[in-house]
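Grab your viewer and work through a few short exercises on salt bridges and strands. Each one comes with a solution in steps.

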Amino acid sequence: MQSKVKSSEYLREIKPLLLRLRDRLLEEYPYASILATDSQSKQYAVSKTVTSIGMVPRWSGRGFVVKVYDGSSYGEYSFNEISQDLIEEIVTKVREELIPMSNDLPDGVQRSVYAMLEDDPLVFADSTEYQIDPQEYGDEKIIQELTLISETGRAYSEKILDCRAFVNYQKYTKLFLSKHRDMEQSVLWTAGGFVVMASRGEEIKDSYKGFSNLGGMELLEKMQGGVCRSAKVALELLESTPITPGEYDCICTPEATGMIVHEAFGHGVEMDMFVKKRAQAEQFLGKQVASELVTMHDGACAAREVATYFFDDEGVLAKDTIVIDKGILKAGISDAQSAMHLGTVPTGNGRRESYQRKAYTRMTNTYFEGGTDKLEDMIASISYGFLLEEPSSGMEDPKNWGIQCMVSIAREIRDGKLTGKIFSPVVLTGYVPDLLKSISMVSENVELGGGGMCGKGYKEWVKVSDGGPYVKARIRLG
């Protein structure tokens, strides 16, 4: 049975104070907004030797961000305490310490002049749904289920060294208040997985499988059915050999497709990079950048996964942005201020790592649409190539549009059939438009996963999901 996530009692109690602070700021500034966050999280892990439970600092805490407009520019001030006595102190800090900072910019940094953000009237409140609340389910039951998964993985073979099973969740409520907006959302997501390690002599290989949902600990049931397959893959990896570098016909699993989507066109179409002239994608708007079989989405309401929300951290409603439409690059994604600078409409992608951090343009649920092909037909179409599985990491260069991704498994295909031979590890590289234009077959079913995090460069981590169908493409492997 589905239940709605309950909103934060703490934020409900202090909302009158936040409204007073908002009204006080509006006496001095033409625009003022407040983002309030109350977030809770926990992470659990079980392995052969360690059982752990702990809070995730990045996903936990209570705090606030005030944003004001002085007629030409914006300033933000974050804090984590609010009371009637502190309201005037906060207003004074904004007036005397924050706003004057724009007059003391470092040499070579120019002050940009901005218009006032749109603030159309909107009253909104909604929550996501779940089946099993992690807090009600309790630490003991969660650890028991993870222990069973870990023991099942370790018992699969005497060659299995260990199986680390883990799960984490975040439950948060956010309020956004401005002169004309009163918005509230409550969201719960859960993610987990396991790493199975196998050994042969001194050689050690591991297989990873991630799981995620927009919901609660019902995820654990899904995890239980996958651990034996990962143990089998870990043993297969002991028989793997290095691949001969070259360009091959390849089929990407939905997870591998998701990594390509995320790395190839995710960061490259974050439009704050357009503002800084750091993304080549800006030059290709309206042009063909991929096969006609490729349609790509990004949006917090484009799918129901860990990156789903109702409005972003700037009070912009979530959207479903079609980034690529049948191979043509149609649009980027943006935060409110980048959109204003570029003269475009914000897409609801302004996200903060926490209330202590700036809002940047960030991906949410990013994926390719499905097609009409069957996986068996895709495999049968390859005379010699590979099925790519288990992506592990990736990076891109938005300036030059290069991509480099790691996958753990390349399963050999010869004369339209899987031979059983696997190669590992494998590096996938290439120029993004060349890779995406080579896509020649796309399967029907689309799968998204959100087990990992995404950083802006090396920091500013937020939860994202990515995925798509199986795709066939010509890819350089090494």
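This is a predicted model, and it holds 34 salt bridges.

**Exercise 1.** Find out which parts of the chain the salt bridge between D313 and K174 ties together.

Solution. Start with the contact: the two side chains, D313 and K174, meet at 2.8 Å, N to O. Next, place them: D313 sits in the loop between β12 and β13, while K174 belongs to strand β8 (residues 160-177), so the pair ties together parts 139 residues apart in sequence. Finally, check burial: D313 and K174 are both buried.

**Exercise 2.** Work out whether R229 and E389 are buried, partly exposed or exposed.

Solution. First, the pairing: R229 forms a salt bridge with E389, with the closest N and O atoms 3.7 Å apart. R229 lies in helix α6 (residues 227-237) and E389 in strand β18 (residues 384-397), so this pair ties together parts 160 residues apart in sequence. Now apply the cut-offs: buried means under 20%, exposed over 50%, and partly exposed in between. R229 has 49% relative accessibility, so it counts as partly exposed. E389 has 9%, so it counts as buried.

**Exercise 3.** Identify what E389 meets in strand β19.

Solution. Look at R411: its side chain meets that of E389 in a salt bridge (3.0 Å, N to O). R411 is in β19 and E389 in β18, 22 residues apart. R411 is buried, too.

**Exercise 4.** Trace how β19 connects to β21.

Solution. Strands β19 (residues 402-414) and β21 (residues 426-431) pair antiparallel over 6 bridges. For a landmark, I403 stands opposite G430 in β21.

Methods
Residues are numbered from 1 along each chain as its sequence is written. This is a predicted model: local features need pLDDT of at least 70, side-chain atom pairs count only at pLDDT 80 or more; totals for chains, interfaces and linings use all residues. Side-chain values use heavy atoms; hydrogens and water are left out. Two strands pair if DSSP finds at least two bridges between them. Helices (H or I, at least four residues) and strands (E, at least two) are DSSP runs, numbered from the N terminus. A salt bridge is a side-chain nitrogen of Lys or Arg within 4 Å of a carboxyl oxygen of Asp or Glu. Buried means under 20% relative accessible area, exposed over 50%, partly exposed in between (1.4 Å probe, protein chains only).
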